Amino acid sequence: MDPLNPASEPVVEERRDERGGDRRETVVDRRSGLDRRQRTAEESGYTGPERRMGDRRTGLERRRGPGRRRSDDRRSAEEGEMTAEQFEFIMAIETYKKVNKRMFPTWTEVLEVIKQLGYRKVVARNINLVDVPEPDLVKIPA
């Protein structure tokens, strides 16, 4: 109803989708208990490849499942108590940011700072990185 013209008819908004049907009839009510992730490919109409995998653990997950605990270093760092190594790294990054006037250094710049701190790859990794070649290891003089 138009407030300036009380005699005008109320405007009914059309709710049609691209195919011409009423959108309200195709909406799934989440309270009904139907979970779109549990529907089969035939029910959902999806024809592409299956992308969901069973176990994707790489060793880099931040979330801990049942029975997985944080390391003592990580727990103390999250509580504000850092080791000398953690403090050195944070201060090196902060110094890099101030000197180079960069609020958010790129990962390549972070790696550069880490190398300037003296870190070198001397041991093969123990995490699963799919399709990532292992860089050369640095030999440590004995």
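At what angle do helix 3 and helix 4 pack, and how far apart are their axes? Keep that in mind while you load the model, which is a predicted one.

**Stop 1: the whole chain**

Show everything as a cartoon. The chain holds 4 helices and 0 strands. Read from the N terminus, the order of elements is α-α-α-α.

Now switch on a surface. The chain exposes about 13900 Å². Carbon and sulfur atoms supply 53% of that area. Color by burial next. Of the 142 residues in the chain, 6% are buried. A contact map adds one more number. Take the contacts with a separation of 6 or more: 19% of them join residues 24 or more positions apart.

**Stop 2: helix 3 against helix 4**

Select residues 84-100 for helix 3 and residues 107-116 for helix 4. Here is the reply to the opening question: the two pack at an angle of about 125 degrees, and their axes lie 10 Å apart. Angles of 65 to 115 degrees would count as roughly perpendicular, and those over 145 as roughly antiparallel. Helix 3 and helix 4 are therefore oblique to each other. The crossing of helix 3 past helix 4 is right-handed.

Which residues meet at this contact? On the helix 3 side, select F89, A92, I93 and Y96. On the helix 4 side, select E109, V110, E112, V113 and I114. Color them by class: 7 are nonpolar, 2 are charged and none is polar.

**Stop 3: F89**

Center on F89, in helix 3. Its relative accessibility is 33%, so F89 counts as partly exposed. Show sticks for its partners beyond four places in sequence: F89 touches V110, I114 and L117. Draw a C-alpha to C-alpha distance from F89 to V110. The value is 9.8 Å, for two residues 21 apart in sequence. V110 and I114 also belong to the helix 4 side of the contact you just selected.

**Stop 4: E109**

Move to E109, in helix 4. Is this residue buried or exposed? E109 has a relative accessible area of 14%, so it is buried; the cut-off for that class is under 20%. Now add its partners. Setting aside neighbours within four places in sequence, E109 is in contact with Y96 and R102. Y96 is one of the helix 3 residues that meet helix 4.

**Stop 5: K101**

Step to the loop between helix 3 and helix 4 and pick K101. Check its backbone. Phi of K101 is near 50 degrees, a positive value in a residue other than glycine. Why pause on that? Most residues other than glycine have a negative phi. Turn the surface back on at this position. K101 has 76% relative accessibility, so it counts as exposed.

**Stop 6: D131**

Continue into the segment after helix 4, where D131 sits. What is the phi of D131? The value is positive, about 60 degrees, although D131 is not a glycine. The residue reaches 77% relative accessibility and so counts as exposed. Put K101 and D131 side by side on a Ramachandran plot: phi is near 50 degrees for K101 and about 60 degrees for D131.

**Stop 7: V122**

Stay in the segment after helix 4 and select V122. With a relative accessible area of 33%, V122 is partly exposed. What does V122 touch, leaving out residues up to four places away in sequence? Its partners are L137, V138 and I140. Finish with a distance to K139. The C-alpha atoms of V122 and K139 are separated by 6.5 Å, while the two residues are 17 apart along the chain.

Key
Residues numbered from 1 in each chain as written. Predicted model: local features only at pLDDT ≥ 70, side-chain atom pairs only at ≥ 80, totals over all residues. Heavy atoms only, no water. Axes fitted to C-alpha atoms, helices over the stretch in contact; angles between N-to-C directions. Parallel < 35°, antiparallel > 145°, perpendicular 65-115°, else oblique. Left-handed = near helix turned anticlockwise from the far one by under 90°. Contact = heavy atoms within 4.5 Å. Nonpolar A, V, L, I, M, F, W, Y, C, P; charged D, E, K, R; others polar. Buried < 20%, exposed > 50% of the residue type's maximum accessible area, 1.4 Å probe, protein only. Areas by Shrake-Rupley, 256 points an atom, 1.4 Å probe, with all protein chains shown as cover.
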